[in-house]
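Work through the exercises below with the sequence and the 3D view at hand. Each task is followed by its solution in steps.

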Amino acid sequence: QQTKENFLSKITKAIAGKSTVDEEVLDNLEEALVGADVGIDTTVQIIERIETRVAKDKYLNTTELNNILQQEIEAMLVDAPSANSYAFDSELPSKPYVIMVVGVNGVGKTTTIGKLAHNFKKAGKNVLLGAADTFRAAAVDQLTIWSERAGVPIVKQDMGSDPAAVAFDTVQSGVSRGSDVILIDTAGRLHNKAHLMDELSKIRRVMQKVIPDAPHEVLLVLDGSTGQNALEQAKHFTAATDVTALAITKLDGTAKGGVVLAIANQFKIPVKFIGVGEKMEDLLVFNKHEFVDSLFNLEK
Amino acid sequence: MFESLSERLDSAFKSLKGEGRITELNIAATVKEIRRALIDADVNYKIAKEFTDKVKDAVLGEKVITAISPGQLMTKIVKDELTELMGGNEVELNAKGNPAIILIAGLQGSGKTTFSGKLANYLKGKKGFSPMLVAADIYRPAAIDQLKVLGGQIGVDVYSEPENKDAVSIAQNAVKEAKTRNKNVLIIDTAGRLAVDEVMMTEVANVKNAVNPQEILFVVDSMTGQDAVNTAKAFNDRLNFSGVVLTKLDGDTRGGAALSIKYTVDKPIKFISSGEKMDTLDVFYPERMAQRILGMGDITTLVEKA
Ligand SMILES: Nc1nc2c(ncn2[C@@H]2O[C@H](COP(=O)(O)OP(=O)(O)OP(=O)(O)O)[C@@H](O)[C@H]2O)c(=O)[nH]1
Ligand SMILES: Nc1nc2c(ncn2[C@@H]2O[C@H](COP(=O)(O)OP(=O)(O)OP(=O)(O)O)[C@@H](O)[C@H]2O)c(=O)[nH]1
Ligand SMILES: [Mg+2]
Ligand SMILES: [Mg+2]
């Protein structure tokens, strides 16, 4: 709290009565934003927006500047289109609602699925998991444990089997069981590996043989401690699978996850969930205001 | 990539034309470009600043050589400084002992278990080593199964106690077991943990104190951003680790975290991990890493050609 106020009052002092932001302000803002992994381009963009606002609004005090900063940064975080917004306990846009979870290795896909399953189940939904990571050592065992924890069924095949076939089976089974939500786990893959990205497109296409508009959500999971490479991840996963939403994990640590600001801004993908721990309960629905606030929370 | 950085530097150097020596004033834009390139590569903000200030001091007063472009000259100087910083005190893995104990630690999902398998595989291929993997992650779902699958792939024993919920005693028992099984290197895979998780940091410190490892390797995802500094420092404060492992370098990340970590804790980077298969382990080359961080191809040949 202390640091945050110092930071803001420094900025205020530096901009007060001026129509442009001077070097000192730039340095301070830069340090806070770049240090939170926001990246230079986006940081510069934010500074420019602030400059414009300051020139126009002739704000006066710290509170107002704080508000402007909050507003401008929040404006970069897009909202989900109404067709794609839902709460755990509200009626889902379709039945079954298929969520395919993708991302690079080790970001927290499987864990996030376990948490989502728990939340949907708690809200009274019938959930089905599909173990389409048939590659990573013990990936199916791991998802099976999550299915037991959350108390939801799972469709799985042997390790090494075709992930698209597992996804197909899962969706088909979900339709016949009358599942409300289907969560498809996929193997972690680095976005620069073309054949693995093609595999993902294939998994997606195969599900469409059962439900033409599936998957209804493609959730890209990003590790909150990842730096600028997350932009490349967003770019390539979107190209392969039309990512519709982001989840940022591991925000219970000191990393700020600021790179999602750039991603949301550049690719217009909304952030929906935040992972704040390894337990079933450690999933939060994304809150713009709190997220932006945490970017400037420099102590710890 | 190299072209773009050196082009950017060249244009930043335009103002320098006709001036004989590098001065604080005429180099300002160049320094800014380099700093920016480093930050884009995820080098910690403060470290990028300190590093470029140092480079700047080193070149002040130098003559601007006209034979090659100033941008390339500057890039080369930066690359050399970076290489030196990333290298230095190169130390071989210490796997001597009976058994030698290697403790693996790091954040969640950084690649510890996979690396443990790779290291076991690497040592197995060396004369005189008979490794055993130890499953001391008692938290992650199916952590033991994962290590067992990897152990199976490479033909290395995995020691585990599925019912035991105490990582310290698992590690201690494994040491005893190693003697009966005639294994002379133990690789202890631990659970992922956040540096701010006091209970978990205490656990791994307790494992360390109980078994006295020859090597403690800190495994870090090469895609890590600005937080790499905090994490490396916190783990080093608690464990005084002996080396760093950079993972997932088969991706396209520039990997500036490597510089941040080296700069912050000054521990050697001992291995790089670049794939999910068990044979994708490599020793670390400082020059390659420096080039990668700067986003360049083989700059040396370019500069020599110029
Ligand atoms: N602290 C913390 N740890 C997390 C969070 N989400 C996941 N993890 C941990 O991160 C590690 C990797 O999580 P997984 O769910 O296996 O990641 P994944 O993306 O499925 O990994 P792969 O399938 O191997 O690509 C595990 O140790 C999880 O417990 C989080 O929000 N906070
Ligand atoms: N592409 C690539 N993937 C890797 C590399 N190292 C590990 N992985 C993958 O990254 C994911 C996480 O690796 P793990 O070895 O499970 O990581 P961990 O640190 O043991 O994870 P926790 O025990 O949950 O903290 C898995 O999908 C691995 O296959 C690497 O060098 N390259
Ligand atoms: Mg997984
Ligand atoms: Mg592990």
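A residue counts as buried when its relative accessible area is under 20%. The model is predicted.

**Exercise 1.** State what share of the residues of chain A count as buried, and describe the chain's secondary structure and surface.

Solution.
- Step 1. Apply the cut-off to the 300 residues of chain A: 59% count as buried.
- Step 2. Assign secondary structure: chain A has 11 helices and 8 strands.
- Step 3. Take the accessible surface of chain A, about 11700 Å²; carbon and sulfur atoms account for 50% of it.

**Exercise 2.** For contacts in chain A between residues at least 6 apart in sequence, find what percentage join residues at least 24 apart.

Solution.
- Step 1. Count a contact where heavy atoms lie within 4.5 Å.
- Step 2. Of the contacts in chain A that span at least 6 residues in sequence, 76% join residues at least 24 apart.

**Exercise 3.** Locate ligand 1 and describe the residues around it.

Solution.
- Step 1. Place the ligand: ligand 1 sits between chains A and B.
- Step 2. List the neighbours: 24 residues surround ligand 1, and those that come nearest are K109(A), T110(A), T111(A), R136(A) and E278(A).
- Step 3. Sort the shell by class: 12 residues are polar, 8 charged and 4 nonpolar.
- Step 4. Find the element with the largest share: helix α5 (residues 109–122) of chain A supplies 4 residues.

**Exercise 4.** Which atoms of K109(A), K250(A) and V276(A) lie close to oxygen atoms of ligand 1, and at what distances?

Solution.
- Step 1. For K109(A), a polar side-chain atom is 2.7 Å from an oxygen atom of ligand 1.
- Step 2. For K250(A), a backbone N or O atom is 2.9 Å from a ligand 1 oxygen.
- Step 3. For V276(A), a polar backbone atom is 3.4 Å from an oxygen atom of ligand 1.
- Step 4. Add the cover: of the 660 Å² of accessible area that ligand 1 has on its own, the protein covers 97%.

Definitions and conventions
Residues are numbered from 1 along each chain as its sequence is written. Chains are lettered from A and ligands numbered from 1 in the order in which they are written. This is a predicted model: local features need pLDDT of at least 70, side-chain atom pairs count only at pLDDT 80 or more; totals for chains, interfaces and linings use all residues. Side-chain values use heavy atoms; hydrogens and water are left out. Helices (H or I, at least four residues) and strands (E, at least two) are DSSP runs, numbered from the N terminus. Buried means under 20% relative accessible area, exposed over 50%, partly exposed in between (1.4 Å probe, protein chains only). Accessible areas come from the Shrake-Rupley method with a 1.4 Å probe; for residues, only the protein chains shown count as cover. A residue is near a molecule or strand if one of its heavy atoms lies within 4 Å of it. A polar contact is a pair of N or O atoms within 3.5 Å; within protein, one must be able to donate a hydrogen and the other to accept it, and residues adjacent in sequence count only if both atoms are side-chain atoms. Ala, Val, Leu, Ile, Met, Phe, Trp, Tyr, Cys and Pro count as nonpolar, Asp, Glu, Lys and Arg as charged, and the others, Gly among them, as polar.
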